[in-house]
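Open the model in a viewer and keep the sequence panel beside it. The stops below go from the sheet to the whole chain, then to single residues and a helix pair.

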Amino acid sequence: MEQHKSRLGYTLGMLSLFLLGAVLFLIGFFPASYSAAEKDSTVPEGRPTTLHGVKLEPPPPAYDSFILFLVDALRADFPDAMSMPVAHSRACERLTLHVDIPTVTMPRLKSITTGTLSNFIDIALNVGHTEQVEDSVLHRLKQKNRVVSFAGDHTWVNLFPSEFSRRAENNDSFFVNDFYEGDRNVTKVLESELDKSDWSLLILHYLGLDHIGHVEGNTSPRIALKLKEMDEAVQKILEHKSIPNYLLMLTGDHGMADGGGHGGNTPAETLVPLYLYSKNCSKSISSTKTYNQIDLAPTLSVLLSVEIPTLSIGSLIPEMLQSLSLEHQLYAYFYNAHHLLNKARVKFGHDKVQWSDYYTWYQNATLVHKKLLFHMRDGDGSGASQVLYHNAKLNYMRVAREISGLLSESLVKFDYGFIALGLTLTTAASLHMVISVLYLDLTEQLHLDTLNVGQLIVSVIAAVLVNMTSHALDIIRTSSWLQSFMLLIPLAISVYLTIDVAQALLKIALPPIYTRRLKLSIPLPLPLLACFAIRTLTLGSSSFIEFEYKTWYYLGNTLILLTAFRTLRRRITKTNVELDGRHLYTIASTCLWQMRKVFVMLMMLTLMRYIHRLQAIRSTIMIFSLLLLWARLHRHSASWMQSVASGAALCMVYCFRGLNGQVHFIELAPYLASKLMVPTLVIFWCCLALVLGLGYREALPQTHPSLGTRSVLLQLLQTNLTSSLLLAALLQKVQNILLLPVLLVALQQTYKLCDVFGTSARKFSVRLVHVYKIIMTIFLARMFYFYQGNSNSLSTIDLTPGYIGQTSYNPVIVGLFVTLNTYGAEIHAFLYLIVHTLRSDLRSVGIMQLQPPYSIAADSLIAPLYAALIMLPAAFYLCLMVGFRYHLFIYSVFSPKALYDCYTVLVFYLVFLVTSLYFKLFKNDA
């Protein structure tokens, strides 16, 4: 089999199958809704009206008006006596709520209104499609024909499209550059609603604080100004005269991480305040207590005198029930415990509940409750009655909290059919790719990269049998025949790939006596394998995942340093032998001096860890970064005009940052600076378009007929890389712009080191050089990914770049810009590797004269091996996810990492797809 045969189509196919398997795995591991299985359950409806034959009266509404004052990203330590003096000093109770993950808006709103936990996959629904809620406190109010008014985040309207009597939602809640306008509109609605008296519940959702955090971080001076604005809004409610009997609840949907984002599980993100206000409250604030956010739904239901939502698994918040009489308070605790006990019977079975401890507590509580009712209705308010009251209350609360915890744990459901199918597809695709790269002869023998019709027919038949059996045994569940039929495709593909992989592994495992010994098509150096294996095995530890950046920093620098020392040793030994051992000191010092750039690069890589600390000189750093980036781009510009356009675009980047006040710039009035931002961005986009146009014009054969197809391909890919780097310079944070030219320098010096390492060997192997370059590129890309400030926590996703130059929320543009900003190092490293490989064939230096040409490997070796090394750790990690599915940190640590890994493969897939199109169009032998 020809080692330089193009394998772009095969690689693209394996990547597509891997992503299909990843989607199926995520569907099985994160079902769309926890509550699907309980929609048709037998949980009794209605509030209880008797207790052991004694008639009960549900309490009437505790207040005339309820106001839910929701400040997005209001973490527990934000409101205090300095930042929100009115809200802090006039609160009747200052409580804390614990928020479940994921700490993003949509699942938090579902928890507040339904009292149930949200699925981790809601993190995706939060920015895309938002499913409607079928039962909640708002639905119960609508059934009672009670008026509910709303103003703020449009996510509420997506969740509850017909439950609001009046609504004024923000048009672009995801437009994070809106710090004030949306909140002012909410306050205007508040002022108008306070003059009305027909509403039972008023919901206000302010977004400005969250937007400031996303754009400027939690230390922004605008945070204090926004908290003061919220304090003034609270004051308007407290001092209004037309609502004498009200309950105001000030809280947040989630907190804010130290970097300004959210989505993770740090205390700053999972703890939010709950301040309560009402007329004539005692203000005897005790020590701060913490409850769960899901406890709000049942508590509000009792206070509003409506039924608790069927899906609710929350307990009651005692501090919110103090306005009720003792009899009504006890009814509330009884009702909540009764509701949860019914859910436990449905979930765990009647017999199991009957023999549980919490059922014994429930029986004791109801007997004491019944006895107390007789005392109360006889007018006995003695100390004995108080003892009975507290006895019954504590038992009811014990029952509720015990069952709430059990139900929360039981909500973790997995669709093992989809999980198994997804794992089979991802693992088989990854192994198929690895085998085809390592054993080219075996690939040719078994025709792994071509379609076998007979094997395909067998696979389809097996898929039909597996599909029918899985549905019959309820292993796989689908809602329609169409979905069941569609499952045949991934099932058949999984069987087909599994047969291929099994055959290949059997051939490899057979002793040489029965078959010809198979040789590896590419060398596998032990140091590279060791570093790669260490990185992959560390995925099994939650601590290593949380601090993964340290693994990459250590392994990346270690690998480069080890390669440098091995190269240095080889060169000194070789030269020393040639000179018969003379002048050893001179030889060593000369060779060491020749390696000076590598050691300078290692120092630069170490310094990159601390660039976020250089805020004081960021203007100087940005100017230096832009000049260095322009110098790197100028070296490979298609013409002087393209170089000038690149320089002009980088100048506009500095001007834009200067107008934003992020770097030193000409002193301008604020209104003038804001007016100049749009023209500055327009000039930047014109320069970027000019760079693209000039690059493509120079590459066209009509312009330069003498250029070969490979030269055209090289010029086009170089233009794409230049344009991507210019756009990344606009999107990156000021201190991170330095990473762009440093990445190019690091890659260039690393590739030179790999070339020298290859030529210093006794027997030169061009494939060994390629393997070193591929793995070095992956390691450097991951190092620079973490240098940007990224992590495996969802809270570090920087949304600000998505809104640069945008006046409204466009999910496609925002997603594109955020992806380019987050995964810029991965994208640019791969493109630079391809461009470097193609360019090397055009230079007459040493090893480049080998046959087949050095650049042939761009699509025959580099692309498939790079893809295999991206896919294999991700597939391994998905297997680990199944083993750790009941781990304490499965949703807080392991799950975000799985999403990041799958998205990394998707980003590579898209970049590889575009690059493959250029190869197909402009490379003769592709």
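Two strands pair if DSSP finds at least two bridges between them. Helices (H or I, at least four residues) and strands (E, at least two) are DSSP runs, numbered from the N terminus. This is a predicted model, in which local features need pLDDT of at least 70 and side-chain atom pairs count only at pLDDT 80 or more, while totals for chains, interfaces and linings use all residues. Residues are numbered from 1 along each chain as its sequence is written, and side-chain values use heavy atoms, with hydrogens and water left out.

**Stop 1: strand β5**

Select residues 147-152, which form strand β5. Six of the six residues are buried, so β5 is largely enclosed by the rest of the structure; buried means under 20% relative accessible area, exposed over 50%, and partly exposed in between (1.4 Å probe, protein chains only).

Now add residues 199-206, strand β7, which runs parallel to β5 and is joined to it by five bridges. V147 can be found opposite W199 of β7. Next add β6, residues 166-169: its pairing with β5 is also in the parallel sense, over four bridges. On this side, F150 stands opposite R167 in β6.

**Stop 2: the whole sheet**

Where do these strands sit in the sheet order? Eight strands make up an open sheet with mixed pairing, in the order β6-β5-β7-β3-β8-β9-β4-β10. The edges are β6 and β10 (290-292); each has a single partner strand, so one side of each is left without a neighbour in the sheet. On average, neighbouring strands here are turned by 20 degrees against each other, direction ignored. Axes are lines fitted to C-alpha atoms, for helices over the stretch in contact, and angles run from 0 to 180 degrees between N-to-C directions.

From β7, move on to β3. The two strands run parallel and are joined by six bridges, with L70 opposite H205 of β7.

**Stop 3: strand β9 and its two partners**

Select β9, residues 271-278. Seven of its eight residues are buried, so β9 is largely enclosed by the rest of the structure. Which way does β9 run against β4 and β8? With β4 the direction is antiparallel, over six bridges, and T96 has P273 in β9 as its bridge partner. With β8 the direction is antiparallel as well, over five bridges; here M249 faces L276 of β9.

**Stop 4: helix α11 across the sheet**

Show helix α11, residues 296-304. Helix α11 lies across β3, β4 (93-98), β7, β8 (246-251), β9 and β10, and runs at about 160 degrees to β3.

**Stop 5: colour by pLDDT**

Zoom out to the protein chain, which has 35 helices and 10 strands. Of its 926 residues, 57% count as buried. Contact means heavy atoms within 4.5 Å; among contacts with a separation of 6 or more, 79% come from residues 24 or more positions apart.

Colour by pLDDT, the predictor's confidence in each residue, from 0 to 100. The chain mean is 84, and 88% of residues reach 70 or more. Among the elements, helix α4 (residues 122-125) has the lowest mean pLDDT, 56, and α11 the highest, 94. Select residues 34-40, where pLDDT stays under 50 and the model has 15 contacts beyond four places in sequence. Then select residues 842-852: pLDDT is below 50 there too, and the stretch has 16 contacts beyond near neighbours in sequence. Where pLDDT is low, the predicted coordinates should not be read in detail.

**Stop 6: two positive phi angles**

Go to H52, in the loop between β1 (50-51) and β2 (54-55). H52 is not a glycine, yet its phi is positive, about 50 degrees. Its relative accessibility is 46%, so H52 counts as partly exposed.

Then go to A73, in the loop between β3 (65-71) and α2 (85-89). A73 is not a glycine either, and its phi is about 70 degrees. Buried or exposed? A73 counts as buried, at 0% relative accessibility.

**Stop 7: helices α32 and α33**

Finish with α32 (residues 811-822) and α33 (residues 824-840), which pack at an angle of about 70 degrees with their axes 4 Å apart. The two helices are therefore roughly perpendicular to each other (angles under 35 degrees count as roughly parallel, over 145 as roughly antiparallel, 65 to 115 as roughly perpendicular and the rest as oblique). To see the contact, show T819, L820, N821 and T822 in α32 with G824, I827 and H828 in α33. The contact residues divide into two nonpolar, five polar and no charged, where Ala, Val, Leu, Ile, Met, Phe, Trp, Tyr, Cys and Pro count as nonpolar, Asp, Glu, Lys and Arg as charged, and the others, Gly among them, as polar.
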